[in-house]
Amino acid sequence: MKILRKHYTFIEEARCRGERFVIFQGGRRSGKTTSILQYIHLHLLQHPHTQAIIVTNTFARLRDSILSDLHSIFEENRRTQKLYAGTAPSVLYYNGSMITFTYADRDTRGYTSNKHFIFFNEAIQYKEHIARDLLKAATTGATVFFDYNPYTRFWVNERYETERNKLITTWRDNPFLSEFVQAEMLRIEEEGRHAAPGTMERYLYEVECLGIDSTLSGLCFPHTTALPVDEYFTCPVPEILAADWGVSGTRGDPDVLIGVKIMPDSIYMHEYYYSNEGGDDAFAAAMQLPTFRRQPFIFDTATGGRQRIEGLFARTGLRFKYMPASKGAGSVLIGIRNLQPYKICITTTSRNLLQEAAQYRYEEKNGLLAPIDAYNHGFDCLRYAFTYYATRPKKGGPGGTHQ
């Protein structure tokens, strides 16, 4: 097993000092999540009947990220047995040790106080009450891990961080990265090291490469361009549909439906529907196109989202595959950050999307810069589509919520 010695040593020393909370703050590819999983795994192997629980922001991340990492770790020890029970997988070890899992949207009541390890993965993406409720499941002397990418300070920093229990880790601490990933991180460093403070390039450098807090200014998506409509429809990349619901028949937020095509270095966007006047009948009419057949359709769960998508499924007679958007605390800024490496190409007929690209920016709130809550409906759809694309099950793996 390839162990990141710096991470392992930090955990050991923190536990020897009696630190209850161990915090890993770091950028992409730093290996923080894998290191914590490895430590828990090795400890459970060495100490029979030890109990651990791992917490993620969504079930999709649990399924597609955490369990994938654990599968790799388990390859080193064939005696570990994996047990699955519906949407609550668990891992039972031959010596009686056990890992259970939960996620932020799951009811946490009923856990007994027998957990020796609790790991809050990507803790910045959910609210403090999730951690507060689950800490009741800890034994006396349990070790509690938090890891996250540091786009801003949040409740972990205010409540659980001390002078000695946090490790800031970067991709340079991980010697096991492929040459391709190392080249990607070096490119981000080169672009951001000398960039002006407050720019996206500087932000990505500080957060993704240095693992430190940063701030943003200017447009949320500065790298956008217009795209001829024909180029969108002739692009052979599979299309993902995404919807953001508004309040029909009012002056409130619009209903929006866009198409997204994602390539290695660019993303195409096309506006199919954008209105706060039409309602579901007009929305369904906009979907009656020959190209709408089997695309994945990611829908916003707010504003009666599931009832509306089920109604559209019945109205249109189209057999598209619909799945709820992955959302949560911090997901907006994290989604914007994850889209920055891509050039965003918007079709020339997508008038509202082009306006959003020119107006969606950051503003100061309580001393911090945050995206404004306006000119964001189409780009909310883009975030939903991209999150689905990035976390979709691999071929042959378990499917999502398909119809």
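The bend at a residue is the angle between two fitted helix axes, one through the seven residues ending there and one through the seven starting there. By that yardstick, in this predicted model, helix α3 (residues 59-74) has a kink of about 30°, and the kink is centred on Leu67. Leu67 is itself one of the buried residues of α3, a list that also takes in Leu62, Arg63, Asp64, Ser65, Ile66, Leu70, Ile73 and Phe74.

Helix α6 (residues 179-193) is a good one to check with a ruler. Its 15 residues should span 21 Å at 1.5 Å a residue, and the C-alpha atoms at its ends do sit 21 Å apart, so expectation and model agree. The buried residues here are Val181, Glu184, Met185, Ile188, Glu189 and Gly192. Looking down the axis of α6, these buried residues fall within an arc of 135°, so they line one face of the helix. That fits a general rule: an α-helix has 3.6 residues a turn, so residues three or four places apart point the same way. Glu179, Phe180 and Glu190 are on the other side of α6, where they are exposed. Part of the cover over the buried residues of α6 comes from α7 (200-210).

Turning to the strands, β7 (residues 138-148) is mostly covered, with 9 of its 11 residues buried. Strand β6 (residues 115-120) runs parallel to β7 and is joined to it by 5 bridges; in this pairing Phe117 stands opposite Thr143 of β7. Strand β1 (residues 21-26) also pairs with β7 in the parallel sense, over 5 bridges, and there Ile23 faces Phe146. β1 has a parallel pairing with β8 too, this one over 4 bridges, in which Ile23 stands opposite Lys166. In a regular strand, side chains alternate between the two faces of the sheet. Strand β8 (residues 166-169) shows the pattern nicely: Leu167 and Thr169 point to one face and are buried, whereas Lys166 and Ile168 point to the other and are not.

Phe146 turns up again in the packing of the interior. The largest nonpolar core has 68 residues, and the members touching the most others are Phe120, Phe146 and Ile267. Helix α13 (residues 377-391) gives the most to this core, contributing 7 residues. Leaving aside neighbours within four places in sequence, Ile267 is in contact with Val260, Lys261, Ile262, Leu339, Tyr342, Lys343, Ile344, Cys345, Leu382 and Phe386. Another core, of 30 residues, lies apart from the largest one, and its members include Ala14, Leu62, Ile99 and Phe145. Leu62 is also among the buried residues of the kinked helix α3.

Two more helix residues make a handy contrast. His377 lies in helix α13. With a relative accessible area of 10%, His377 falls under the 20% cut-off and therefore counts as buried. Beyond its neighbours within four places in sequence, His377 is in contact with Asp244, Asp253, Pro254, Val256, Tyr274 and Glu356. Ala314, by comparison, is found in helix α10 (residues 305-316). Its relative accessibility is 62%, over the 50% mark, so Ala314 counts as exposed. The C-alpha atoms of Ala314 and Ala284 are separated by 9.5 Å, with the two residues 30 apart along the chain.

Terms used:
Residues are numbered from 1 along each chain as its sequence is written. This is a predicted model: local features need pLDDT of at least 70, side-chain atom pairs count only at pLDDT 80 or more; totals for chains, interfaces and linings use all residues. Side-chain values use heavy atoms; hydrogens and water are left out. Buried means under 20% relative accessible area, exposed over 50%, partly exposed in between (1.4 Å probe, protein chains only). Helices (H or I, at least four residues) and strands (E, at least two) are DSSP runs, numbered from the N terminus. Two strands pair if DSSP finds at least two bridges between them. The expected span of a helix is 1.5 Å times one less than its number of residues. The arc is that of the directions from the helix axis to the C-beta atoms. Contact means heavy atoms within 4.5 Å. A nonpolar core is a set of buried Ala, Val, Leu, Ile, Met, Phe, Trp, Tyr and Cys residues joined through side-chain atoms within 4.5 Å.
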